[in-house]
Amino acid sequence: MVSVMEFDRDLDVRGLDCPLPILRSKRSLATMEVGEVLRVRATDPHAVVDFAAFCEKTAHRLERQSEGAGEFHFWVRKG
C-alpha cells in the first residue's frame, strides 16, 4: 500500500535504473523552493538505498517512503 502525503511536485522515474532516479531528482529539487516537497515514483529497488544516502549527504530531508505494487515512493523536502 502506498502512503499518502502532500507534495509540491511529482517526478516519475519509473523504469529508470541507478543513477538516473537520483540525478533527475537532484535536477527537480534545484528548481524548487526550500521547504517544498518532491514526490518521486521509482521502480528501481536500489532507489531505497540511494535516496537514504542522498538525503544524508545533502540538506534535503527524506520525509517519508513507501512501497507498493512494485513501486517505491519517496517524499523529499528541499533543504
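The legends below describe three close-up views of a predicted model.

**View 1. The buried face of helix H2 and its surroundings**
In helix H2, which spans residues 47-57, the buried residues are Ala 47, Asp 50, Phe 51, Phe 54 and Cys 55. Because these buried residues fall within an arc of 120° when H2 is seen down its axis, they line one face of the helix. An α-helix has 3.6 residues a turn, so residues three or four places apart point the same way. The partners against which the buried residues of H2 pack are helix H1 (20-30) together with strands E2 (37-42), E3 (61-68) and E4 (71-77). Val 49, Glu 56 and Lys 57, on the other side of H2, are exposed.

**View 2. The crossing of helices H1 and H2**
The axes of H1 and H2 come within 10 Å and cross at roughly 40°, and the two helices are therefore oblique to each other. Their crossing is right-handed. On the H1 side the contact is made by Pro 21, Ile 22, Ser 25, Lys 26 and Leu 29, while H2 contributes Asp 50, Phe 51 and Phe 54; these three residues of H2 also belong to its buried set.

**View 3. Cys 18 and Cys 55, without a disulfide**
The structure holds zero disulfides. The cysteine sulfur closest to that of Cys 18 lies in Cys 55, and because the separation is 14 Å, it is too far for a bond; Cys 55, whose nearest cysteine sulfur is that of Cys 18, is likewise in no disulfide. With a relative accessibility of 42%, Cys 18 counts as partly exposed, whereas Cys 55, at 9%, counts as buried.

Conventions
Residues numbered from 1 in each chain as written. Predicted model: local features only at pLDDT ≥ 70, side-chain atom pairs only at ≥ 80, totals over all residues. Heavy atoms only, no water. Buried < 20%, exposed > 50% of the residue type's maximum accessible area, 1.4 Å probe, protein only. Helix = DSSP H or I, 4+ residues; strand = E, 2+ residues; numbered from the N terminus. Arc of directions from axis to C-beta. Contact = heavy atoms within 4.5 Å. Disulfide = S-S within 2.5 Å. Axes fitted to C-alpha atoms, helices over the stretch in contact; angles between N-to-C directions. Parallel < 35°, antiparallel > 145°, perpendicular 65-115°, else oblique. Left-handed = near helix turned anticlockwise from the far one by under 90°.
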